[in-house]
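Student: I would like to learn how to read helix packing and burial from a model. Where should we begin?

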Amino acid sequence: MVKPDIHTLAHHLKQERLYVASEKQLIQRLNSDVLKTAERLYRAAWIAKQQRINLDRLILTSAEASPAECCQHAKMLEDTQFIDGYKTLGFQETIYGEFLARLRENPRLVASCLVAGERLNQEHTQGVIHNVFTSLYGNCIMQEDESYLLQVLRYLVEFELKESDNPRRLLRRGTCAFSILFKLFSEGLYSAKLFLTATLHEPIMQLLVEDEDHLETDPSKVTERLTPAQQERFGEKGSEDYKMKVQAAVEANEVKLVALVNKFIGYLKQNTYCFPHSLRWIVSQMYKTLSCVERLEVGEVRTMCTDLLLTCFICPAIVNPEQYGIISDAPINEVARFNLMQVGQLLQQLAMADDDADPRRKSSLSKFDKGCVAAFLDVVIGGRAVETPPMSSMNLLEGLSRTAVYITHGQLLALVDFVRSVTAGDHLREEEHMALETLLANVPQSRTVKSNSLELTPSNTPQLSPATTPANKKNRLPIAAARSRSRTNIAQEGEAEASSQESLQELMPEEVLVISLGTGPQTVPGMMSENEVM
């Protein structure tokens with residue numbers, strides 16, 4: 001009787017072992033597929049961000065970048081080649097990988113370097129800021145990278161904004177490290193896209209459907225866009241009748257604009273429940289940190305927080321909704337674009353203090369409730385401010401961690417040179433200086449590398465948005481100006497296209513290095529030993 005029992009037990013154990021081995025193979029195969037998909041995602045994200053920079057370059061700096069040049073570069077980006085770092089760096093890939101890994105895991109040091117670089121007026125600081133986001137933190141696809149970048153932003157508030165004599169002016173210019181990183185982060189954040197779509201889709205569609213006239217509120221410009229036949233209805237220019245009719249038209253436009261802006265504000269308040277937790281956290285940290293500065297009043301800090309949200313996050317999406325995926329099936333003509341700009345500018349003015357507001361808009365601003373935008377900010381910064389960054393509620397890559405950095409050879413050497421120059425300066429604390437020297441101890445000296453393509457980084461291409469353009473000193477939304485400038489430069493661009501056609505043909509696709517971060521062996525989900533599970 002014993003033998004059959006033992007035989008049965010042995011049979012069951014063999015079947016169980018075969019089943020476990022089969023399940024392990026399936027899990028390993030699935031994990032391999034996940035890693036390959038994640039790798040394709042990293043590469044697509046890198047190319048997509050470069051394409052976005054290329055598009056901004058065409059729209060906002062068309063005088064310097066011809067359409068032919070930008071189209072050529074877009075084609076080159078589609079053909080980008082990703083190669084293993086050791087093929088270019090050899091044995092030094094391990095050294096660079098360790099340097100990048102240790103720098104990535106120290107957000108405080110990253111923020112200190114960026115601030116020190118700006119104070120030293122380093123030529124490539126904006127390019128390095130861009131590379132920190134796209135390469136060092138991988139466009140914040142992984143939850144771990146998002147957490148690191150949020151900490152970098154928090155330290156930038158402390159080291160850059162808090163120490164500035166006029167932090168509000170620094171923010172309004174939109175060229176400081178905090179503003180650039182905040183904009184890059186908010187543009188790529190999935191939850192931010194959901195919030196913008198939920199908030200802005202309906203009011204923008206209503207604006208496109210309802211209004212066919214320019215809602216101009218400047219009396220000197222009311223008749224500029226009218227046809228001669230329409231202008232005749234206003235009478236002789238300069239007469240009393242003309243002035244009365246112009247004033248009546250201005251007042252009618254103001255009524256429409258106020259109704260439109262109130263509609264946008266209403267949707268903002270209505271959808272605050274889905275405001276991104278990550279942006280809520282960094283704005284709360286900014287409010288908490290700057291409120292402790294003696295020279296800043298609480299009201300001014302609140303205005304800065306509101307201005308940041310509107311200037312770097314909401315208003316660019318209002319002016320260019322198609323770029324943010326808010327609308328995709330409705331064309332935006334010149335009239336609608338102008339009216340969207342008017343809405344964006346009024347929202348920005350509502351965030352300002354009374355003494356900073358544009359005098360030409362005081363008539364329109366007087367028709368709004370003073371606390372209409374403040375109520376939105378109260379919801380954003382309300383609640384208890386926690387020290388640790390929030391975890392994303394929709395993390396589809398849970399269990400994965402990034403093991404490589406995607407960066408071109410030129411960008412890598414520029415980053416190392418930047419860190420060296422910052423270390424050689426005198427804008428770092430003693431402990432930070434020692435930490436950087438330790439980081440750079442084994443990194444070889446950089447040598448000049450000639451890139452085989454047009455590398456569109458902020459070092460040679462301004463990272464400008466419609467609401468954060470330095471040339472626009474009052475921080476208005478200068479899309480119309482950019483477009484009119486592009487029309488006036490068509491002839492020059494045509495000549496530039498002809499002269500540069502031959503050089504464009506010689507450009508080769510960019511090579512992006514995949515540099516291993518040298519992380520230790522990772523536990524594959526589903527492959528833990530029995531002892532670890534117990």
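Tutor: Begin with the word contact, which here means heavy atoms within 4.5 Å. The model is predicted. Among contacts in the protein between residues at least 6 apart in sequence, 81% join residues at least 24 apart.

Student: What are the helix and strand counts of the protein?

Tutor: The protein has 22 helices and three strands.

Student: How much of the protein counts as buried, and which atoms supply the exposed area?

Tutor: A residue is buried when its relative accessible area is under 20%. Of the 534 residues, 49% count as buried. The protein exposes about 26900 Å², and carbon and sulfur atoms supply 53% of that area.

Student: How do I apply the cut-off to one residue, such as D56?

Tutor: Compare its relative accessibility with 20%. D56 has 13%, so D56 counts as buried. D56 sits in helix α1, residues 2-60. In sequence D56 is 14 residues from C70, and their C-alpha atoms are 10.0 Å apart in space.

Student: How many residues of helix α6 are buried?

Tutor: Helix α6 spans residues 125-136, and 11 of its 12 residues are buried, which leaves the helix mostly covered. The buried residues are T125, G127, V128, I129, H130, N131, V132, F133, T134, S135 and L136. After α6 comes G138, with a positive phi near 50°.

Student: Now helix pairs. What is the crossing angle of α7 and α13?

Tutor: An angle under 35 degrees counts as roughly parallel. Helix α7 (residues 143-161) and helix α13 (residues 277-291) cross at roughly 20°, and their axes come within 10 Å. The two helices are therefore roughly parallel to each other. The crossing of α7 past α13 is right-handed.

Student: Which residues of α7 and α13 meet?

Tutor: On the α7 side they are E146, L150, L153, R154, V157, E158 and L161; on the α13 side they are S278, W281, I282, Q285, M286, T289 and L290. By class, this contact of α7 with α13 has eight nonpolar, three polar and three charged residues.

Student: Why do residues three or four places apart point the same way in an α-helix?

Tutor: An α-helix has 3.6 residues a turn, so residues at that spacing point the same way. In the α7 and α13 contact, the α7 list includes L150, L153, R154 and V157.

Student: What is the angle between α10 and α15?

Tutor: An angle over 145 degrees would count as roughly antiparallel, and 65 to 115 as roughly perpendicular. Helix α10 (residues 190-210) packs on helix α15 (residues 334-351) at about 135°, with the axes 10 Å apart. That value makes α10 oblique to α15. Their crossing is right-handed. I204, L207 and L208 of α10 make the contact with A336, N339, L340 and V343 of α15. The residues of this α10 and α15 contact comprise six nonpolar, one polar and no charged.

Student: And how are α4 and α19 arranged, in angle and axis distance?

Tutor: Helix α4 (residues 92-104) and helix α19 (residues 430-440) pack at about 155°, and their axes are 9 Å apart. This makes α4 roughly antiparallel to α19. F99, R102 and L103 of α4 touch T438, L439 and L440 of α19. The classes in the α4 and α19 contact are four nonpolar, one polar and one charged.

Technical notes. Residues are numbered from 1 along each chain as its sequence is written. This is a predicted model: local features need pLDDT of at least 70, side-chain atom pairs count only at pLDDT 80 or more; totals for chains, interfaces and linings use all residues. Side-chain values use heavy atoms; hydrogens and water are left out. Axes are lines fitted to C-alpha atoms, for helices over the stretch in contact, and angles run from 0 to 180 degrees between N-to-C directions. Helices (H or I, at least four residues) and strands (E, at least two) are DSSP runs, numbered from the N terminus. A crossing is left-handed if the near helix is turned anticlockwise from the far one by less than a right angle, and right-handed if clockwise. Ala, Val, Leu, Ile, Met, Phe, Trp, Tyr, Cys and Pro count as nonpolar, Asp, Glu, Lys and Arg as charged, and the others, Gly among them, as polar. Buried means under 20% relative accessible area, exposed over 50%, partly exposed in between (1.4 Å probe, protein chains only). Accessible areas come from the Shrake-Rupley method with a 1.4 Å probe; for residues, only the protein chains shown count as cover.
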